[in-house]
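Thank you all for coming. Please have a look at the model on the screen, and then I will talk through its cysteines, its cores and its rings.

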Amino acid sequence: MKKKPQSHRIATSDDIEVSAYLELARELRGEQPVVEPESPPAERETIVVLDFGSQYSMLIARRVRECHVYCELVPYDTPWEKIAPLNPRGFILSGGPASVYDAGAPLPLPYIYEQRLPVMGICYGMLAVAYELGGEIARGPKHEYGHTILHLSSEDSPLLAGLPSSLPVWMSHGDQVMELPPGFRSLAYTENSPFAVIGSEHGIYGLQFHPEVVHTAYGKTIFQNFVLQICGCQGNWTPANFIAESIDKIKAQVGDGRVVCALSGGVDSAVAATLIDRAIGNKLTCIFINNGLLRRDEPERVLNTFKRNLKMDVVYVDATGRFLDGLAGVTDPEKKRQLVGNEFIRIFEEEAAKLGIIDFLAQGTLYPDVIESTSPETKAAHKIKSHHNVGGLPAKMRFKLIEPLRYLFKDEVREVGLALGLPEDMIWRQPFPGPGLSIRIIGEVTREKLDILRSADWILMNEVKKAKLYRQLWQSFVVLTDVKSVGVMGDYRTYGYLIAVRAITSEDAMTADWARLPHDLLAGISHRIVNEVPGVNRVVYDITGKPPATIEWE
(Lines give C-alpha, C1' and ligand atoms only; values in the text may rest on other atoms or scores of the structure.)
Protein backbone atom coordinates (compact mmCIF):
# COMPACT_ATOMS: atom_id res chain seq x y z
CA MET A 1 0.00 0.00 0.00
CA LYS A 2 1.26 3.45 -0.86
CA LYS A 3 2.53 5.32 2.19
CA LYS A 4 0.33 8.29 3.08
CA PRO A 5 2.12 11.66 2.86
CA GLN A 6 2.77 13.32 6.18
CA SER A 7 0.12 15.87 7.14
CA HIS A 8 1.17 19.22 8.62
CA ARG A 9 -1.78 19.92 10.92
CA ILE A 10 -2.17 22.47 13.69
CA ALA A 11 -0.08 21.16 16.57
CA THR A 12 -1.27 20.67 20.14
CA SER A 13 1.12 23.35 21.36
CA ASP A 14 -0.98 25.93 19.56
CA ASP A 15 -4.32 24.78 20.98
CA ILE A 16 -4.28 27.21 23.90
CA GLU A 17 -3.33 30.23 21.77
CA VAL A 18 -5.96 29.62 19.05
CA SER A 19 -8.70 28.58 21.50
CA ALA A 20 -8.08 31.60 23.72
CA TYR A 21 -8.33 33.95 20.77
CA LEU A 22 -11.55 32.35 19.51
CA GLU A 23 -13.15 32.39 22.96
CA LEU A 24 -12.27 36.06 23.38
CA ALA A 25 -13.68 36.87 19.94
CA ARG A 26 -16.94 35.07 20.78
CA GLU A 27 -17.22 36.89 24.08
CA LEU A 28 -16.79 40.24 22.35
CA ARG A 29 -19.55 39.29 19.90
CA GLY A 30 -21.79 38.10 22.75
CA GLU A 31 -21.99 34.55 21.36
CA GLN A 32 -22.38 31.31 23.25
CA PRO A 33 -19.52 28.77 23.24
CA VAL A 34 -19.61 26.49 20.22
CA VAL A 35 -20.18 22.80 20.79
CA GLU A 36 -18.08 21.06 18.19
CA PRO A 37 -20.12 18.40 16.35
CA GLU A 38 -18.61 15.08 15.42
CA SER A 39 -17.83 14.49 11.76
CA PRO A 40 -19.77 11.57 10.31
CA PRO A 41 -17.63 9.16 8.32
CA ALA A 42 -17.23 9.88 4.61
CA GLU A 43 -15.79 7.77 1.82
CA ARG A 44 -13.71 10.36 0.04
CA GLU A 45 -11.27 13.10 0.95
CA THR A 46 -12.15 16.69 0.10
CA ILE A 47 -10.51 20.09 0.00
CA VAL A 48 -13.11 22.73 0.86
CA VAL A 49 -12.79 26.14 -0.82
CA LEU A 50 -14.56 28.92 1.05
CA ASP A 51 -15.77 31.55 -1.41
CA PHE A 52 -15.39 35.19 -0.37
CA GLY A 53 -16.58 36.56 -3.70
CA SER A 54 -13.63 36.36 -6.07
CA GLN A 55 -14.53 36.01 -9.75
CA TYR A 56 -11.82 33.35 -9.88
CA SER A 57 -12.89 31.24 -6.89
CA MET A 58 -13.71 28.26 -9.08
CA LEU A 59 -10.22 28.39 -10.57
CA ILE A 60 -9.00 27.34 -7.13
CA ALA A 61 -11.25 24.30 -7.27
CA ARG A 62 -9.93 23.60 -10.75
CA ARG A 63 -6.32 23.62 -9.54
CA VAL A 64 -7.16 21.26 -6.70
CA ARG A 65 -8.87 18.87 -9.10
CA GLU A 66 -5.81 18.94 -11.32
CA CYS A 67 -4.16 17.23 -8.35
CA HIS A 68 -6.87 14.52 -8.71
CA VAL A 69 -8.42 15.48 -5.39
CA TYR A 70 -12.13 16.17 -4.99
CA CYS A 71 -12.96 19.77 -4.12
CA GLU A 72 -16.10 21.74 -3.37
CA LEU A 73 -16.63 25.49 -3.42
CA VAL A 74 -19.01 26.70 -0.70
CA PRO A 75 -20.08 30.12 0.63
CA TYR A 76 -17.74 31.48 3.28
CA ASP A 77 -20.42 31.23 5.99
CA THR A 78 -21.43 27.61 5.36
CA PRO A 79 -21.98 25.97 8.76
CA TRP A 80 -19.83 23.07 9.91
CA GLU A 81 -22.83 20.73 9.84
CA LYS A 82 -22.80 20.96 6.03
CA ILE A 83 -19.02 20.74 5.76
CA ALA A 84 -18.47 17.70 8.00
CA PRO A 85 -20.00 15.08 5.64
CA LEU A 86 -17.45 16.06 3.00
CA ASN A 87 -14.62 14.66 5.13
CA PRO A 88 -12.44 17.76 4.63
CA ARG A 89 -8.67 17.40 4.65
CA GLY A 90 -8.00 21.12 4.43
CA PHE A 91 -9.47 24.56 3.73
CA ILE A 92 -8.62 27.13 1.07
CA LEU A 93 -9.99 30.67 1.49
CA SER A 94 -10.55 32.55 -1.76
CA GLY A 95 -9.99 36.17 -2.65
CA GLY A 96 -12.81 38.69 -2.65
CA PRO A 97 -13.75 42.34 -3.23
CA ALA A 98 -14.19 43.36 0.44
CA SER A 99 -11.74 44.86 2.95
CA VAL A 100 -11.46 42.99 6.25
CA TYR A 101 -11.68 46.19 8.31
CA ASP A 102 -14.98 47.29 6.71
CA ALA A 103 -18.19 46.95 8.68
CA GLY A 104 -19.89 43.66 7.83
CA ALA A 105 -16.90 42.28 5.94
CA PRO A 106 -17.12 38.48 5.46
CA LEU A 107 -14.84 36.52 7.79
CA PRO A 108 -14.14 32.80 8.29
CA LEU A 109 -16.19 30.92 10.86
CA PRO A 110 -14.35 29.57 13.94
CA TYR A 111 -14.38 25.92 12.78
CA ILE A 112 -11.72 26.83 10.20
CA TYR A 113 -9.25 26.89 13.10
CA GLU A 114 -10.99 24.59 15.57
CA GLN A 115 -10.83 21.57 13.26
CA ARG A 116 -7.00 21.65 13.36
CA LEU A 117 -6.85 21.18 9.58
CA PRO A 118 -4.43 22.92 7.19
CA VAL A 119 -5.59 26.32 5.94
CA MET A 120 -4.40 28.33 2.94
CA GLY A 121 -5.75 31.85 2.46
CA ILE A 122 -5.40 33.53 -0.93
CA CYS A 123 -5.40 37.35 -1.25
CA TYR A 124 -8.49 38.41 0.76
CA GLY A 125 -8.47 34.94 2.36
CA MET A 126 -4.96 35.57 3.65
CA LEU A 127 -5.92 38.97 5.01
CA ALA A 128 -9.01 37.53 6.72
CA VAL A 129 -6.95 34.85 8.48
CA ALA A 130 -4.24 37.31 9.53
CA TYR A 131 -6.88 39.76 10.77
CA GLU A 132 -8.79 37.16 12.80
CA LEU A 133 -5.66 35.75 14.40
CA GLY A 134 -4.35 39.10 15.61
CA GLY A 135 -2.43 40.63 12.71
CA GLU A 136 -2.73 44.20 11.47
CA ILE A 137 -4.26 44.89 8.04
CA ALA A 138 -4.33 48.29 6.34
CA ARG A 139 -4.41 49.96 2.96
CA GLY A 140 -1.01 49.44 1.38
CA PRO A 141 1.17 52.41 0.39
CA LYS A 142 1.07 51.09 -3.19
CA HIS A 143 -1.37 48.84 -5.02
CA GLU A 144 -0.11 45.74 -6.79
CA TYR A 145 -1.94 44.68 -9.94
CA GLY A 146 -0.53 42.31 -12.53
CA HIS A 147 2.83 40.57 -12.63
CA THR A 148 5.19 41.01 -9.68
CA ILE A 149 8.42 39.21 -8.80
CA LEU A 150 8.17 37.11 -5.65
CA HIS A 151 11.35 36.41 -3.64
CA LEU A 152 11.49 33.48 -1.23
CA SER A 153 12.78 34.32 2.23
CA SER A 154 12.50 30.76 3.56
CA GLU A 155 13.80 27.51 2.10
CA ASP A 156 12.20 25.15 4.62
CA SER A 157 8.50 25.78 3.95
CA PRO A 158 6.63 22.72 2.62
CA LEU A 159 4.25 25.08 0.78
CA LEU A 160 7.05 26.54 -1.34
CA ALA A 161 9.05 23.35 -1.89
CA GLY A 162 10.38 23.02 -5.43
CA LEU A 163 10.09 26.74 -6.25
CA PRO A 164 13.01 28.86 -7.48
CA SER A 165 14.29 31.67 -5.27
CA SER A 166 12.47 34.25 -7.43
CA LEU A 167 9.44 33.84 -9.68
CA PRO A 168 6.71 35.94 -11.36
CA VAL A 169 3.31 35.91 -9.65
CA TRP A 170 -0.04 37.62 -10.30
CA MET A 171 -1.10 40.25 -7.78
CA SER A 172 -4.42 42.08 -7.44
CA HIS A 173 -4.71 43.86 -4.10
CA GLY A 174 -4.79 47.21 -2.33
CA ASP A 175 -4.78 46.03 1.31
CA GLN A 176 -1.87 44.15 2.84
CA VAL A 177 -0.55 42.71 6.10
CA MET A 178 1.27 45.37 8.08
CA GLU A 179 2.00 43.27 11.18
CA LEU A 180 2.02 39.48 11.36
CA PRO A 181 -0.26 37.56 13.73
CA PRO A 182 1.47 35.85 16.69
CA GLY A 183 3.25 32.67 15.66
CA PHE A 184 3.56 33.55 11.96
CA ARG A 185 6.63 34.36 9.89
CA SER A 186 7.26 35.73 6.42
CA LEU A 187 8.03 33.05 3.81
CA ALA A 188 8.29 35.31 0.74
CA TYR A 189 8.13 38.98 -0.20
CA THR A 190 7.80 41.37 -3.14
CA GLU A 191 9.02 44.91 -3.60
CA ASN A 192 5.77 46.30 -2.17
CA SER A 193 4.67 43.44 0.12
CA PRO A 194 7.09 42.33 2.85
CA PHE A 195 4.61 39.60 3.82
CA ALA A 196 3.60 38.21 0.41
CA VAL A 197 3.58 34.65 1.80
CA ILE A 198 3.14 33.92 5.48
CA GLY A 199 2.89 30.73 7.49
CA SER A 200 2.94 29.19 10.91
CA GLU A 201 4.36 25.85 11.98
CA HIS A 202 0.77 24.78 12.64
CA GLY A 203 -0.35 24.47 9.02
CA ILE A 204 -1.89 27.90 8.42
CA TYR A 205 -0.62 29.73 5.32
CA GLY A 206 -1.42 32.94 3.48
CA LEU A 207 -0.59 34.03 -0.08
CA GLN A 208 -1.04 37.66 -1.11
CA PHE A 209 -0.87 36.66 -4.80
CA HIS A 210 -3.14 34.39 -6.85
CA PRO A 211 -1.59 30.96 -7.51
CA GLU A 212 -4.79 29.78 -9.20
CA VAL A 213 -4.38 31.93 -12.35
CA VAL A 214 -2.17 30.85 -15.22
CA HIS A 215 -0.19 34.10 -14.94
CA THR A 216 1.49 32.84 -11.74
CA ALA A 217 4.49 30.63 -12.42
CA TYR A 218 4.61 27.41 -10.38
CA GLY A 219 1.02 27.89 -9.21
CA LYS A 220 0.32 24.21 -9.85
CA THR A 221 3.33 23.25 -7.71
CA ILE A 222 2.03 25.36 -4.82
CA PHE A 223 -1.35 23.60 -4.96
CA GLN A 224 0.29 20.18 -5.17
CA ASN A 225 2.41 21.01 -2.13
CA PHE A 226 -0.61 22.13 -0.11
CA VAL A 227 -3.08 19.45 -1.20
CA LEU A 228 -0.86 16.37 -1.47
CA GLN A 229 1.93 17.05 1.02
CA ILE A 230 0.50 19.38 3.66
CA CYS A 231 -3.08 18.05 3.64
CA GLY A 232 -1.99 14.48 2.94
CA CYS A 233 -4.51 13.76 0.17
CA GLN A 234 -3.98 10.67 -1.99
CA GLY A 235 -4.92 12.16 -5.36
CA ASN A 236 -7.32 9.45 -6.54
CA TRP A 237 -10.27 11.48 -7.86
CA THR A 238 -10.71 10.85 -11.62
CA PRO A 239 -13.35 11.29 -14.36
CA ALA A 240 -14.31 7.64 -13.82
CA ASN A 241 -14.97 8.36 -10.14
CA PHE A 242 -17.00 11.43 -11.07
CA ILE A 243 -19.12 9.37 -13.46
CA ALA A 244 -19.80 6.69 -10.85
CA GLU A 245 -20.67 9.24 -8.16
CA SER A 246 -22.88 11.27 -10.53
CA ILE A 247 -24.85 8.22 -11.60
CA ASP A 248 -25.45 7.29 -7.95
CA LYS A 249 -26.55 10.85 -7.11
CA ILE A 250 -28.90 11.04 -10.10
CA LYS A 251 -30.50 7.69 -9.20
CA ALA A 252 -31.03 8.86 -5.64
CA GLN A 253 -32.39 12.26 -6.68
CA VAL A 254 -34.78 10.98 -9.35
CA GLY A 255 -36.03 7.86 -7.61
CA ASP A 256 -39.22 6.81 -9.39
CA GLY A 257 -39.58 10.18 -11.12
CA ARG A 258 -39.11 11.11 -14.77
CA VAL A 259 -36.75 13.61 -16.38
CA VAL A 260 -36.74 15.82 -19.45
CA CYS A 261 -33.32 17.04 -20.59
CA ALA A 262 -32.66 20.23 -22.53
CA LEU A 263 -30.45 19.37 -25.52
CA SER A 264 -28.58 22.15 -27.28
CA GLY A 265 -26.26 20.10 -29.45
CA GLY A 266 -23.16 21.05 -27.47
CA VAL A 267 -20.90 18.91 -25.34
CA ASP A 268 -22.39 20.08 -22.02
CA SER A 269 -25.95 18.94 -22.64
CA ALA A 270 -24.72 15.80 -24.41
CA VAL A 271 -22.59 14.73 -21.43
CA ALA A 272 -25.36 15.60 -18.98
CA ALA A 273 -27.89 13.59 -21.00
CA THR A 274 -25.54 10.62 -21.25
CA LEU A 275 -24.92 10.58 -17.50
CA ILE A 276 -28.65 10.73 -16.78
CA ASP A 277 -29.43 8.09 -19.41
CA ARG A 278 -26.96 5.70 -17.78
CA ALA A 279 -28.52 6.39 -14.40
CA ILE A 280 -32.23 6.11 -15.20
CA GLY A 281 -32.56 4.80 -18.78
CA ASN A 282 -36.02 5.15 -20.30
CA LYS A 283 -37.21 7.50 -17.56
CA LEU A 284 -35.35 10.24 -19.51
CA THR A 285 -36.76 12.13 -22.51
CA CYS A 286 -34.56 14.65 -24.32
CA ILE A 287 -36.10 17.75 -25.86
CA PHE A 288 -34.36 19.80 -28.51
CA ILE A 289 -35.90 23.23 -29.06
CA ASN A 290 -35.10 25.17 -32.20
CA ASN A 291 -35.36 28.73 -30.94
CA GLY A 292 -34.57 30.29 -34.29
CA LEU A 293 -31.31 31.60 -32.85
CA LEU A 294 -29.06 28.77 -34.04
CA ARG A 295 -26.40 28.79 -36.71
CA ARG A 296 -26.87 27.73 -40.32
CA ASP A 297 -28.12 24.11 -40.67
CA GLU A 298 -27.57 23.54 -36.94
CA PRO A 299 -30.98 21.99 -36.09
CA GLU A 300 -30.47 19.28 -38.72
CA ARG A 301 -26.89 18.58 -37.63
CA VAL A 302 -27.86 18.34 -33.96
CA LEU A 303 -30.69 15.88 -34.57
CA ASN A 304 -28.56 13.70 -36.82
CA THR A 305 -25.70 13.67 -34.30
CA PHE A 306 -27.89 12.65 -31.38
CA LYS A 307 -29.76 9.99 -33.30
CA ARG A 308 -26.53 8.56 -34.67
CA ASN A 309 -24.45 8.60 -31.47
CA LEU A 310 -26.65 8.68 -28.38
CA LYS A 311 -29.62 6.50 -29.38
CA MET A 312 -31.90 8.45 -27.04
CA ASP A 313 -35.54 9.46 -27.30
CA VAL A 314 -35.43 13.03 -28.67
CA VAL A 315 -38.46 15.30 -29.10
CA TYR A 316 -37.94 18.11 -31.63
CA VAL A 317 -39.79 21.41 -31.19
CA ASP A 318 -39.59 24.28 -33.70
CA ALA A 319 -40.37 27.39 -31.63
CA THR A 320 -38.70 29.96 -33.87
CA GLY A 321 -41.76 32.20 -34.06
CA ARG A 322 -42.30 32.29 -30.30
CA PHE A 323 -38.74 33.32 -29.51
CA LEU A 324 -38.47 35.96 -32.25
CA ASP A 325 -41.84 37.44 -31.31
CA GLY A 326 -40.73 37.66 -27.67
CA LEU A 327 -37.45 39.35 -28.63
CA ALA A 328 -39.05 41.91 -30.92
CA GLY A 329 -38.03 45.42 -29.90
CA VAL A 330 -35.71 44.18 -27.11
CA THR A 331 -32.19 45.67 -27.08
CA ASP A 332 -31.02 45.15 -23.49
CA PRO A 333 -28.78 42.02 -23.31
CA GLU A 334 -29.90 41.08 -19.79
CA LYS A 335 -33.52 41.16 -20.90
CA LYS A 336 -32.66 39.04 -23.95
CA ARG A 337 -31.12 36.37 -21.72
CA GLN A 338 -34.07 36.41 -19.34
CA LEU A 339 -36.61 36.22 -22.16
CA VAL A 340 -34.81 33.28 -23.76
CA GLY A 341 -34.49 31.48 -20.42
CA ASN A 342 -38.13 32.00 -19.53
CA GLU A 343 -39.40 30.89 -22.94
CA PHE A 344 -37.26 27.74 -22.82
CA ILE A 345 -38.81 26.74 -19.49
CA ARG A 346 -42.35 27.44 -20.65
CA ILE A 347 -41.91 25.30 -23.74
CA PHE A 348 -40.36 22.51 -21.71
CA GLU A 349 -43.32 22.62 -19.36
CA GLU A 350 -45.72 22.39 -22.29
CA GLU A 351 -43.85 19.51 -23.92
CA ALA A 352 -43.44 17.70 -20.62
CA ALA A 353 -47.19 17.93 -20.02
CA LYS A 354 -47.70 15.93 -23.22
CA LEU A 355 -45.48 13.17 -21.81
CA GLY A 356 -47.39 12.71 -18.55
CA ILE A 357 -46.03 13.46 -15.10
CA ILE A 358 -42.49 14.87 -15.33
CA ASP A 359 -40.67 15.79 -12.14
CA PHE A 360 -37.24 17.04 -13.23
CA LEU A 361 -35.59 19.26 -15.83
CA ALA A 362 -31.96 18.45 -16.63
CA GLN A 363 -29.53 21.07 -17.95
CA GLY A 364 -25.88 21.15 -18.95
CA THR A 365 -25.10 24.13 -16.70
CA LEU A 366 -21.38 24.67 -15.99
CA TYR A 367 -19.76 26.63 -13.22
CA PRO A 368 -18.63 29.62 -15.34
CA ASP A 369 -22.37 30.20 -16.00
CA VAL A 370 -23.05 30.17 -12.26
CA ILE A 371 -20.20 32.37 -11.11
CA GLU A 372 -20.88 35.10 -13.70
CA SER A 373 -24.61 35.10 -12.94
CA THR A 374 -24.27 34.85 -9.15
CA SER A 375 -26.35 32.33 -7.22
CA PRO A 376 -26.65 31.08 -3.62
CA GLU A 377 -23.23 29.45 -4.08
CA THR A 378 -21.60 32.75 -5.04
CA LYS A 379 -23.47 35.30 -2.95
CA ALA A 380 -20.35 37.32 -2.10
CA ALA A 381 -19.47 37.83 -5.77
CA HIS A 382 -20.48 40.69 -8.04
CA LYS A 383 -22.80 39.76 -10.93
CA ILE A 384 -21.16 40.03 -14.36
CA LYS A 385 -24.13 38.96 -16.48
CA SER A 386 -27.04 36.54 -16.20
CA HIS A 387 -26.77 33.30 -18.13
CA HIS A 388 -30.07 32.13 -19.53
CA ASN A 389 -29.93 28.82 -17.63
CA VAL A 390 -29.08 30.48 -14.27
CA GLY A 391 -30.11 34.11 -13.91
CA GLY A 392 -32.58 33.76 -16.78
CA LEU A 393 -34.69 31.06 -15.13
CA PRO A 394 -38.17 32.07 -13.96
CA ALA A 395 -38.71 32.47 -10.23
CA LYS A 396 -41.51 29.90 -10.29
CA MET A 397 -41.32 26.69 -12.27
CA ARG A 398 -42.76 23.30 -11.50
CA PHE A 399 -39.65 21.30 -12.34
CA LYS A 400 -36.85 20.41 -9.98
CA LEU A 401 -33.45 20.90 -11.60
CA ILE A 402 -30.84 18.23 -12.27
CA GLU A 403 -27.48 19.77 -13.18
CA PRO A 404 -24.78 17.08 -12.88
CA LEU A 405 -22.08 19.32 -14.41
CA ARG A 406 -22.82 22.44 -12.36
CA TYR A 407 -19.41 22.46 -10.65
CA LEU A 408 -17.26 21.50 -13.64
CA PHE A 409 -15.27 23.50 -16.16
CA LYS A 410 -15.52 22.87 -19.89
CA ASP A 411 -12.25 20.94 -20.06
CA GLU A 412 -13.40 18.70 -17.17
CA VAL A 413 -16.69 18.06 -19.00
CA ARG A 414 -14.72 17.05 -22.08
CA GLU A 415 -12.67 14.60 -20.01
CA VAL A 416 -15.87 13.10 -18.62
CA GLY A 417 -17.36 12.92 -22.14
CA LEU A 418 -14.32 11.05 -23.44
CA ALA A 419 -14.55 8.66 -20.48
CA LEU A 420 -18.21 8.09 -21.37
CA GLY A 421 -17.18 7.19 -24.92
CA LEU A 422 -18.80 10.11 -26.74
CA PRO A 423 -17.43 10.89 -30.24
CA GLU A 424 -14.63 13.42 -30.48
CA ASP A 425 -16.42 15.70 -32.96
CA MET A 426 -19.09 16.20 -30.30
CA ILE A 427 -16.60 16.56 -27.45
CA TRP A 428 -14.50 19.22 -29.17
CA ARG A 429 -17.34 21.36 -30.52
CA GLN A 430 -16.64 24.99 -29.61
CA PRO A 431 -18.90 26.48 -26.90
CA PHE A 432 -22.09 28.14 -28.11
CA PRO A 433 -24.16 30.38 -25.83
CA GLY A 434 -27.59 29.23 -24.68
CA PRO A 435 -29.29 32.46 -25.87
CA GLY A 436 -27.71 31.70 -29.24
CA LEU A 437 -27.28 34.39 -31.85
CA SER A 438 -29.52 36.80 -29.93
CA ILE A 439 -26.51 37.96 -27.89
CA ARG A 440 -24.29 38.16 -30.97
CA ILE A 441 -26.60 40.76 -32.46
CA ILE A 442 -26.11 44.12 -30.81
CA GLY A 443 -29.53 45.72 -30.55
CA GLU A 444 -32.85 44.30 -31.70
CA VAL A 445 -32.97 40.75 -33.07
CA THR A 446 -34.67 40.49 -36.47
CA ARG A 447 -34.87 37.78 -39.13
CA GLU A 448 -32.84 39.96 -41.51
CA LYS A 449 -30.04 40.42 -38.96
CA LEU A 450 -30.06 36.69 -38.16
CA ASP A 451 -29.60 35.89 -41.86
CA ILE A 452 -26.66 38.31 -42.07
CA LEU A 453 -25.05 36.91 -38.93
CA ARG A 454 -25.51 33.27 -39.99
CA SER A 455 -23.87 33.92 -43.35
CA ALA A 456 -20.87 35.70 -41.79
CA ASP A 457 -20.53 33.02 -39.11
CA TRP A 458 -20.57 30.27 -41.74
CA ILE A 459 -17.70 31.94 -43.61
CA LEU A 460 -15.64 32.39 -40.45
CA MET A 461 -16.03 28.77 -39.36
CA ASN A 462 -15.26 27.53 -42.87
CA GLU A 463 -12.03 29.53 -43.04
CA VAL A 464 -10.92 28.60 -39.50
CA LYS A 465 -11.44 24.89 -40.22
CA LYS A 466 -9.64 25.15 -43.56
CA ALA A 467 -6.69 26.68 -41.68
CA LYS A 468 -6.83 23.70 -39.25
CA LEU A 469 -7.16 26.05 -36.26
CA TYR A 470 -10.60 25.01 -34.99
CA ARG A 471 -9.30 22.74 -32.20
CA GLN A 472 -6.69 25.30 -31.15
CA LEU A 473 -9.28 27.99 -30.45
CA TRP A 474 -11.58 28.04 -27.45
CA GLN A 475 -14.16 29.99 -29.45
CA SER A 476 -14.37 31.75 -32.79
CA PHE A 477 -17.45 33.68 -33.86
CA VAL A 478 -18.74 36.90 -35.38
CA VAL A 479 -20.81 39.70 -33.87
CA LEU A 480 -23.24 41.83 -35.85
CA THR A 481 -22.87 45.29 -34.35
CA ASP A 482 -25.43 48.10 -34.47
CA VAL A 483 -22.85 50.33 -36.17
CA LYS A 484 -23.21 51.26 -39.82
CA SER A 485 -20.52 52.97 -41.85
CA VAL A 486 -19.96 54.36 -45.31
CA GLY A 487 -18.26 52.16 -47.87
CA VAL A 488 -17.72 51.98 -51.61
CA MET A 489 -18.47 48.93 -53.77
CA GLY A 490 -18.39 48.99 -57.54
CA ASP A 491 -18.03 52.78 -57.56
CA TYR A 492 -21.24 53.07 -55.52
CA ARG A 493 -21.65 54.43 -52.01
CA THR A 494 -22.79 51.86 -49.45
CA TYR A 495 -23.99 52.25 -45.90
CA GLY A 496 -23.59 48.82 -44.34
CA TYR A 497 -23.18 46.94 -41.08
CA LEU A 498 -19.90 46.44 -39.24
CA ILE A 499 -19.08 42.81 -38.41
CA ALA A 500 -16.67 42.06 -35.53
CA VAL A 501 -14.67 38.83 -35.59
CA ARG A 502 -13.83 37.30 -32.20
CA ALA A 503 -11.37 34.41 -31.70
CA ILE A 504 -9.98 33.56 -28.28
CA THR A 505 -7.81 31.01 -26.53
CA SER A 506 -8.56 29.82 -23.00
CA GLU A 507 -8.35 26.90 -20.60
CA ASP A 508 -11.61 27.37 -18.73
CA ALA A 509 -13.46 30.49 -19.99
CA MET A 510 -12.79 32.32 -16.72
CA THR A 511 -9.85 34.10 -18.34
CA ALA A 512 -9.11 34.34 -22.06
CA ASP A 513 -6.70 35.89 -24.53
CA TRP A 514 -7.40 36.99 -28.09
CA ALA A 515 -6.00 34.59 -30.65
CA ARG A 516 -3.13 35.78 -32.85
CA LEU A 517 -4.67 34.59 -36.11
CA PRO A 518 -2.45 34.78 -39.21
CA HIS A 519 -2.93 38.01 -41.13
CA ASP A 520 -3.61 36.13 -44.36
CA LEU A 521 -6.41 34.24 -42.63
CA LEU A 522 -7.97 37.46 -41.31
CA ALA A 523 -7.69 39.04 -44.75
CA GLY A 524 -9.43 36.06 -46.33
CA ILE A 525 -12.24 36.12 -43.75
CA SER A 526 -12.80 39.84 -44.26
CA HIS A 527 -12.69 39.55 -48.06
CA ARG A 528 -15.28 36.78 -48.14
CA ILE A 529 -17.66 38.43 -45.65
CA VAL A 530 -17.84 41.82 -47.40
CA ASN A 531 -18.16 40.15 -50.81
CA GLU A 532 -20.60 37.37 -49.94
CA VAL A 533 -22.81 38.80 -47.18
CA PRO A 534 -25.26 41.49 -48.35
CA GLY A 535 -25.51 44.51 -46.07
CA VAL A 536 -21.96 44.29 -44.65
CA ASN A 537 -19.14 46.56 -45.80
CA ARG A 538 -16.66 46.52 -42.91
CA VAL A 539 -14.99 43.83 -40.74
CA VAL A 540 -12.94 44.42 -37.56
CA TYR A 541 -11.03 42.00 -35.29
CA ASP A 542 -11.54 42.09 -31.51
CA ILE A 543 -8.15 42.06 -29.72
CA THR A 544 -9.46 42.33 -26.14
CA GLY A 545 -8.80 39.69 -23.49
CA LYS A 546 -10.92 38.55 -20.56
CA PRO A 547 -10.65 40.50 -18.34
CA PRO A 548 -11.39 43.32 -19.01
CA ALA A 549 -13.92 42.10 -21.60
CA THR A 550 -16.11 39.02 -21.44
CA ILE A 551 -15.91 36.42 -24.19
CA GLU A 552 -19.31 37.23 -25.67
CA TRP A 553 -20.12 40.86 -26.39
CA GLU A 554 -23.47 40.69 -24.59
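**Cysteines, cores and rings**

Let me begin with Cys-261, which has a relative accessibility of 0% and therefore counts as buried, where buried means under 20% relative accessible area with a 1.4 Å probe and protein chains only. I should say at once that this is a predicted model, in which local features need pLDDT of at least 70 and side-chain atom pairs count only at pLDDT 80 or more, while totals for chains, interfaces and linings use all residues. Residues are numbered from 1 along each chain as its sequence is written, and side-chain values use heavy atoms, with hydrogens and water left out.

Is Cys-286 buried or exposed? Cys-286 is buried as well, with a relative accessible area of 1%. Why, then, is there no bond between the sulfurs of Cys-286 and Cys-261? The closest cysteine sulfur to that of Cys-286 is the one in Cys-261, and at 4.8 Å this is too far for a bond, given that a disulfide is a pair of cysteine sulfur atoms within 2.5 Å. Across the whole structure, the search finds 0 disulfides.

Turning to the cores, a nonpolar core is here a set of buried Ala, Val, Leu, Ile, Met, Phe, Trp, Tyr and Cys residues joined through side-chain atoms within 4.5 Å. The largest one has 88 residues, among which Val-259, Val-271, Leu-275, Ile-289 and Leu-405 touch the most other members. Helix 8, residues 267-280, gives this core its largest share, 9 residues, helices being DSSP runs of H or I with at least four residues, and strands runs of E with at least two, numbered from the N terminus. A second, separate core holds 42 residues, including Cys-71, Leu-187, Ile-222 and Met-510.

Now the rings, where those of Phe, Tyr and Trp (its six-membered ring) pair if their centres lie within 6.5 Å, counting as stacked with planes under 30 degrees apart, edge-to-face over 60 and tilted for the rest. This rule yields 10 aromatic pairs. One of them is the tilted pair of Phe-91 and Tyr-111, with 5.9 Å centre to centre and 55° between the planes. Because Phe-91 lies in strand 3 (residues 88-93) and Tyr-111 in helix 4 (residues 111-114), the pair ties together parts that are 20 residues apart in sequence. By contrast, Phe-344 and Phe-348 are stacked, because their centres are 6.3 Å apart and their planes at 25°. Both lie in helix 11 (residues 333-355), 4 residues apart, about one turn of the helix, and both Phe-344 and Phe-348 are buried.

Key
Buried < 20%, exposed > 50% of the residue type's maximum accessible area, 1.4 Å probe, protein only.
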